Amino acid sequence: MAENMDWKNGAHGHKFIASFSGGKDSVLALYKAMQVGEAVGLIVMLEEEGKRSRSHGMPPELIRAQAESIGLPVYTGAASWTEYESVFTGLLKQAKDQGAEVLVTGDLDMPAHGCWHDKVTKDAGLKLGMPLWEMDHLEAVQQFINLGFVTMLVTVNLSLGMKKEDLGRVLTHEFVEELQARGIDPCGEGGEFHTTVIDGPIFKQPIAVRKCEILRDGDYAFLPLELDQFA
């Protein structure tokens with residue numbers, strides 16, 4: 001267990017690769033890790049066709065825009081869920097060849113034992129850093145907002161108290177209070193919502209996006225975003 005307790009400080013003094021969804025938790029974890037270690041890149045997993053990110057359904061060009069604004073290269077891999085672990089581990093090994101010593105992730109509630117990221121990092125010969133591990137959910141989102149990050153809701157689960165009208169809203173302290181009043185985890189850790197970060201202290205410039213038509217798939221509603229070339 002003593003080794004696990006180092007997860008919160010795993011990036012300290014090390015070069016690291018960050019697992020990146022483009023959402024608030026991965027960005028906050030990246031920010032925290034960059035204060036104490038050296039980032040060498042971002043890992044983004046894509047769906048099989050390579051047209052959307054596996055975690056938040058973002059187009060690769062939007063992810064590249066985020067990475068360029070942050071100033072980091074992106075390691076991408078397209079995979080089905082069956083191939084996910086082997087492709088992800090392969091990307092970790094590539095990053096290790098480029099000097100990475102640690103994988104940083106934005107997980108808050110990862111179990112101390114049986115952690116998937118712990119397994120794959122060991123398989124790749126890396127250590128694990130989770131700056132947000134066991135952090136209070138409200139504290140995490142408040143810290144994110146106070147730091148000046150701007151994030152927009154892009155996916156909502158309509159069966160978990162979220163509304164289609166929540167899509168496109170920016171996460172503010174007032175909105176967080178509203179979500180809590182509705183019985184929703186302020187970090188969306190129950191799968192209630194996902195976000196895309198478009199500005200903040202590690203971004204050289206904000207990401208100009210255009211909102212597309214809302215899509216529905218069962219209990220889920222999605223707001224696709226595209227880069228706004230004319231902003």
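## Arginine 210 and glutamate 226

Arginine 210 is partly exposed, since its relative accessible area of 41% falls between the limits of 20% for buried and 50% for exposed residues. The model described here is predicted, and every value reported for it is computed from that prediction.

The side chain of arginine 210 forms a salt bridge with glutamate 226, in which the closest N and O atoms are 2.3 Å apart. This pair links distant parts of the chain: arginine 210 belongs to strand β8 (residues 209-211) and glutamate 226 to strand β11 (residues 225-227), with their positions 16 residues apart. Glutamate 226 has a relative accessibility of 35% and therefore counts as partly exposed.

## Salt-bridge network

Salt bridges with shared partners join Asp166, Arg169, Glu178 and Arg182 into one network. The count of salt bridges in the model comes to ten.

Within the network, aspartate 166 forms a salt bridge with arginine 169, the closest N and O atoms lying 3.5 Å apart. Is aspartate 166 buried or exposed? With a relative accessible area of 1%, aspartate 166 is buried, because the limit for that class is under 20%. Its partner arginine 169 is partly exposed, at a relative accessible area of 30%.

## Helix α4: an internal salt bridge

Helix α4 spans residues 116-124 and contains aspartate 123 and lysine 119, which lie four residues apart, about one turn of the helix. An α-helix has 3.6 residues a turn, so residues three or four places apart point the same way. Aspartate 123 and lysine 119 form a salt bridge, with 3.1 Å between the closest N and O atoms.

Aspartate 123 counts as partly exposed, at 43% relative accessibility. Lysine 119 is also partly exposed, with a relative accessible area of 41%.

## Helix α4: buried residues and C-terminal end

His117, Asp118, Val120, Thr121 and Ala124 are the buried residues of α4. Which elements do the buried residues of α4 pack against? They pack against helix α3 and against strands β4 (102-104) and β5 (127-129).

Histidine 117, a residue of α4, has a relative accessibility of 11% and so counts as buried. When neighbours within four places in sequence are set aside, histidine 117 is in contact with Phe88, Leu103, Thr105, Asp107, Met110 and Leu128. Just after α4, glycine 125 adopts a positive phi of about 80 degrees.

## Packing of α3 and α4

Two packed helices are described by the angle between their axes and the distance between the axes. For helix α3 (residues 84-97) and α4, the axes come within 9 Å and cross at roughly 50 degrees. That angle makes α3 oblique to α4. The crossing of α3 past α4 is right-handed.

On the α3 side, the contact is made by Tyr84, Glu85, Phe88, Thr89, Leu92, Lys93 and Lys96. On the α4 side, it is made by Trp116, His117, Lys119, Val120, Thr121, Asp123 and Ala124. The residues of this contact divide into six nonpolar, three polar and five charged. Lysine 119 and aspartate 123, the partners of the salt bridge within α4, are among the contact residues.

## Packing of α5 and α6

Helix α5 (residues 137-146) and helix α6 (residues 173-181) have axes that come within 10 Å and cross at roughly 160 degrees. How is α5 oriented relative to α6? At that angle α5 is roughly antiparallel to α6, because an angle over 145 degrees places a pair in this class. The crossing of α5 past α6 is right-handed.

Helix α5 contributes Leu138, Val141, Gln142, Ile145 and Asn146 to the contact, and α6 contributes His173, Val176 and Gln180. The contact residues of this pair comprise four nonpolar, four polar and no charged.

## Aspartate 219 in the β9–β10 loop

Aspartate 219 lies in the loop that runs between β9 (215-217) and β10 (220-222). With a relative accessible area of 43%, aspartate 219 is partly exposed.

Which residues are in contact with aspartate 219, leaving aside its neighbours within four places in sequence? They are Val156, Asn157, Leu158 and Ser159. The C-alpha atoms of aspartate 219 and leucine 158 are separated by 5.2 Å, although the two residues are 61 residues apart along the chain.

Notes. Residues numbered from 1 in each chain as written. Predicted model: local features only at pLDDT ≥ 70, side-chain atom pairs only at ≥ 80, totals over all residues. Heavy atoms only, no water. Helix = DSSP H or I, 4+ residues; strand = E, 2+ residues; numbered from the N terminus. Buried < 20%, exposed > 50% of the residue type's maximum accessible area, 1.4 Å probe, protein only. Contact = heavy atoms within 4.5 Å. Axes fitted to C-alpha atoms, helices over the stretch in contact; angles between N-to-C directions. Parallel < 35°, antiparallel > 145°, perpendicular 65-115°, else oblique. Left-handed = near helix turned anticlockwise from the far one by under 90°. Nonpolar A, V, L, I, M, F, W, Y, C, P; charged D, E, K, R; others polar. Salt bridge = Lys/Arg side-chain N within 4 Å of Asp/Glu carboxyl O.
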